[in-house]
Amino acid sequence: MSHPAPYPVRLADEITRQLDQLADHLSQLPAPQAAQVIARVLDPDAGVLGGVTHLVATGSVFAKDQAERGALPAEVWLALGRASNQLHDITLDLDGHKDTLHRVGTQPATTAAKPPAPAPLVVRRHR
């Protein structure tokens, strides 16, 4: 007879399931609602990305302690630390777009005679 998963493991599974559901919904939402969802997800203080960043940082602290005890290889701690730092950097980069997403998410639906011209996509790497 198998033992039920502890609550934190079930919670992680449920959050993952809900994130998948949210992604499915996002792909079907009208642009203003999708922008609202994305803005909330990317909120560095109360959004999913900020929460995941905090979770990975907490995992890094755990891994450091376990690595110092010899229970985990130091590479695990270093990888979690790098991931935490990179997520933090991504959060800061995306925070600069929060106002634009909020603006798009609160614009009233208009029936324009001429659709807006698409913006050219430019990829810029900072580093």
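In this predicted model, the buried side of helix 3 is made up of Leu49, Gly50, Thr53, Val56, Ser60, Ala63, Gln66 and Ala67. These buried residues pack against two partners, helix 2 and helix 4 (74–95). Helix 3 itself runs over residues 48–69, and its length checks out: with 22 residues at 1.5 Å a residue, helix 3 should span 32 Å, and its end C-alpha atoms sit 31 Å apart, so the two figures agree. Just after helix 3 comes glycine 70, with a positive phi near 90 degrees.

The pairing of helix 3 with helix 4 comes next. Two packed helices are described by the angle between their axes and the distance between the axes. For helix 3 and helix 4, the axes come within 8 Å and cross at roughly 160 degrees. An angle over 145 degrees counts as roughly antiparallel, so helix 3 is roughly antiparallel to helix 4. The crossing of helix 3 past helix 4 is left-handed. On the helix 3 side, the residues that meet helix 4 are Leu49, Val52, Thr53, Val56, Ala57, Gly59, Ser60, Ala63, Lys64 and Ala67. Helix 4 answers with Ala74, Val76, Trp77, Leu80, Gly81, Ala83, Ser84, Leu87, His88, Ile90, Thr91 and Leu94.

One residue of helix 4 worth picking out is serine 84. With a relative accessibility of 11%, serine 84 falls under the 20% cut-off and therefore counts as buried. Leaving aside residues up to four places away in sequence, serine 84 touches Thr53, Val56 and Ala57, and these three are also listed among the helix 3 residues that meet helix 4. Serine 84 and histidine 54 lie 30 residues apart in sequence, yet their C-alpha atoms are 7.8 Å apart in space.

Helix 2 has a partner of its own in helix 5 (residues 98–106), and the two pack at an angle of about 150 degrees with their axes 7 Å apart. That angle makes helix 2 roughly antiparallel to helix 5. As helix 2 passes helix 5, the crossing is left-handed. Pro32, Ala35, Gln36, Ile38, Ala39 and Leu42 are the helix 2 residues in this pairing, and they meet Leu101, His102, Val104 and Gly105 of helix 5.

Some of these residues turn up again in the nonpolar core. The largest such core holds 7 residues, namely Ala35, Ala39, Leu42, Leu49, Val56, Leu87 and Leu101. Helix 2 (31–42) and helix 3 each put in at least two of them, and helix 2 gives the most, with 3 residues. Leu42 is a handy residue to follow here: setting aside residues up to four places away in sequence, leucine 42 touches Leu49, Leu94 and Leu101. Of those contacts, Leu49 and Leu101 belong to the core as well, while Leu94 is one of the helix 4 residues that meet helix 3.

Stepping back to the whole protein chain, the secondary structure comes to 5 helices and 0 strands, which read along the sequence as α-α-α-α-α. Buried residues make up 16% of the 127 residues in the chain. Among contacts with a separation of 6 or more, 53% join residues 24 or more positions apart.

Conventions:
Residues numbered from 1 in each chain as written. Predicted model: local features only at pLDDT ≥ 70, side-chain atom pairs only at ≥ 80, totals over all residues. Heavy atoms only, no water. Core = buried A, V, L, I, M, F, W, Y, C linked by side-chain atoms within 4.5 Å. Buried < 20%, exposed > 50% of the residue type's maximum accessible area, 1.4 Å probe, protein only. Contact = heavy atoms within 4.5 Å. Expected span 1.5 Å × (residues − 1). Axes fitted to C-alpha atoms, helices over the stretch in contact; angles between N-to-C directions. Parallel < 35°, antiparallel > 145°, perpendicular 65-115°, else oblique. Left-handed = near helix turned anticlockwise from the far one by under 90°.
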